[in-house]
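I opened a new notebook page for this structure. I wanted to look up its pockets and its salt bridges.

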Amino acid sequence: MINRCHGATARGGAALGDLAAILNVAPELAKLDLPALVVHGTHDTSAPLDLTGRRAAELLPNGTLKVYENAGHGLFATHAEQLLADLREFTARD
(Lines give C-alpha, C1' and ligand atoms only; values in the text may rest on other atoms or scores of the structure.)
Protein backbone atom coordinates (compact mmCIF):
# COMPACT_ATOMS: atom_id res chain seq x y z
CA MET A 1 0.00 0.00 0.00
CA ILE A 2 2.80 2.41 0.87
CA ASN A 3 4.61 1.59 -2.37
CA ARG A 4 1.46 2.37 -4.36
CA CYS A 5 1.12 5.72 -2.63
CA HIS A 6 4.76 6.54 -3.21
CA GLY A 7 4.40 5.54 -6.86
CA ALA A 8 1.76 8.20 -7.50
CA THR A 9 2.85 11.51 -8.91
CA ALA A 10 2.21 14.71 -7.00
CA ARG A 11 0.05 15.91 -9.89
CA GLY A 12 -2.00 12.70 -9.81
CA GLY A 13 -2.46 12.88 -6.05
CA ALA A 14 -3.54 16.52 -6.21
CA ALA A 15 -5.99 15.78 -9.03
CA LEU A 16 -7.52 12.91 -7.07
CA GLY A 17 -7.90 15.15 -4.02
CA ASP A 18 -9.55 17.86 -6.11
CA LEU A 19 -11.98 15.39 -7.64
CA ALA A 20 -12.87 13.77 -4.31
CA ALA A 21 -13.72 17.19 -2.88
CA ILE A 22 -16.36 17.92 -5.54
CA LEU A 23 -17.60 14.49 -6.58
CA ASN A 24 -21.22 13.84 -5.63
CA VAL A 25 -22.27 10.19 -5.95
CA ALA A 26 -25.46 10.58 -3.88
CA PRO A 27 -27.84 10.41 -6.86
CA GLU A 28 -26.21 7.18 -8.07
CA LEU A 29 -26.32 5.55 -4.63
CA ALA A 30 -30.08 6.01 -4.44
CA LYS A 31 -30.46 4.16 -7.77
CA LEU A 32 -28.57 1.02 -6.76
CA ASP A 33 -30.83 -2.01 -6.74
CA LEU A 34 -28.70 -4.48 -4.81
CA PRO A 35 -27.61 -5.12 -1.24
CA ALA A 36 -24.64 -2.97 -0.26
CA LEU A 37 -22.37 -3.09 2.77
CA VAL A 38 -20.79 0.15 3.96
CA VAL A 39 -17.92 -0.30 6.41
CA HIS A 40 -16.51 2.69 8.21
CA GLY A 41 -14.28 3.53 11.15
CA THR A 42 -15.28 5.93 13.91
CA HIS A 43 -11.87 7.64 13.75
CA ASP A 44 -11.61 8.14 9.98
CA THR A 45 -10.35 11.73 9.79
CA SER A 46 -10.08 11.82 6.00
CA ALA A 47 -13.73 10.79 5.51
CA PRO A 48 -15.74 11.43 8.69
CA LEU A 49 -18.35 8.79 9.48
CA ASP A 50 -21.40 11.07 9.61
CA LEU A 51 -20.51 12.91 6.39
CA THR A 52 -19.62 9.86 4.32
CA GLY A 53 -20.26 6.33 5.60
CA ARG A 54 -23.47 6.96 7.51
CA ARG A 55 -24.83 9.17 4.74
CA ALA A 56 -23.98 6.60 2.06
CA ALA A 57 -25.71 3.81 3.98
CA GLU A 58 -28.82 5.96 4.41
CA LEU A 59 -28.95 6.79 0.69
CA LEU A 60 -28.64 3.17 -0.39
CA PRO A 61 -32.09 1.56 -0.72
CA ASN A 62 -30.73 -1.74 0.60
CA GLY A 63 -27.68 -0.53 2.51
CA THR A 64 -26.16 -1.93 5.68
CA LEU A 65 -23.73 0.09 7.78
CA LYS A 66 -21.04 -1.65 9.81
CA VAL A 67 -19.13 0.72 12.11
CA TYR A 68 -15.70 -0.20 13.45
CA GLU A 69 -14.96 1.44 16.79
CA ASN A 70 -11.66 3.32 17.07
CA ALA A 71 -10.80 2.51 13.44
CA GLY A 72 -9.41 4.88 10.85
CA HIS A 73 -9.51 4.87 7.06
CA GLY A 74 -7.47 1.79 6.12
CA LEU A 75 -9.69 -0.95 7.52
CA PHE A 76 -8.24 -3.55 5.16
CA ALA A 77 -4.86 -3.00 6.80
CA THR A 78 -5.81 -2.35 10.44
CA HIS A 79 -8.90 -4.56 10.84
CA ALA A 80 -8.35 -7.19 8.14
CA GLU A 81 -9.73 -10.17 10.09
CA GLN A 82 -12.86 -8.34 11.23
CA LEU A 83 -13.43 -6.91 7.75
CA LEU A 84 -13.03 -10.31 6.10
CA ALA A 85 -15.47 -11.88 8.56
CA ASP A 86 -18.01 -9.10 7.94
CA LEU A 87 -17.65 -9.43 4.16
CA ARG A 88 -18.11 -13.18 4.34
CA GLU A 89 -21.18 -12.80 6.55
CA PHE A 90 -22.68 -10.17 4.26
CA THR A 91 -22.11 -12.13 1.05
CA ALA A 92 -23.57 -15.30 2.61
CA ARG A 93 -26.91 -13.60 3.30
CA ASP A 94 -29.93 -14.56 1.23
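My entries below cover the pocket and then the salt bridges.

Entry 1, the model. I noted that this is a predicted model.

Entry 2, the largest pocket. I looked up its volume and found about 340 Å³ of space. I then checked the lining, which has 16 residues, and V25, L29, L51, T52 and A56 are the closest to the pocket centre.

Entry 3, what supplies the lining. I found that helix 3 (26–31), strand 1 (36–41) and helix 4 (53–59) each give at least two residues to the lining of the largest pocket. Helix 4 gives the most, with 4 residues. I sorted the lining by class and got 11 nonpolar, 4 polar and 1 charged residues.

Entry 4, the salt bridges. I counted 2 salt bridges.

Entry 5, D50 and R54. These two form a salt bridge, and their closest N and O atoms are 2.7 Å apart. I looked up accessibility for both partners. D50 has a relative accessible area of 55%, so it counts as exposed, the cut-off being over 50%. R54 is partly exposed at 32%.

Entry 6, D86 and K66. I found their side chains meeting in a salt bridge, at 3.7 Å from N to O. This pair links distant parts of the chain, with D86 in helix 6 (residues 80–92) and K66 in strand 2 (residues 63–68), 20 residues apart. Is D86 buried or exposed? D86 has a relative accessible area of 10%, so it counts as buried, the cut-off being under 20%. K66 is partly exposed, with 33% relative accessibility.

Key: Residues numbered from 1 in each chain as written. Predicted model: local features only at pLDDT ≥ 70, side-chain atom pairs only at ≥ 80, totals over all residues. Heavy atoms only, no water. 1 Å grid on protein atoms, 1.4 Å probe; cavity = no way out; pocket = protein on both sides within 12 Å on 5 of 7 lines; lining within 4 Å. Points joined across faces, edges and corners; volume = space filled by probe spheres on them. Nonpolar A, V, L, I, M, F, W, Y, C, P; charged D, E, K, R; others polar. Buried < 20%, exposed > 50% of the residue type's maximum accessible area, 1.4 Å probe, protein only.
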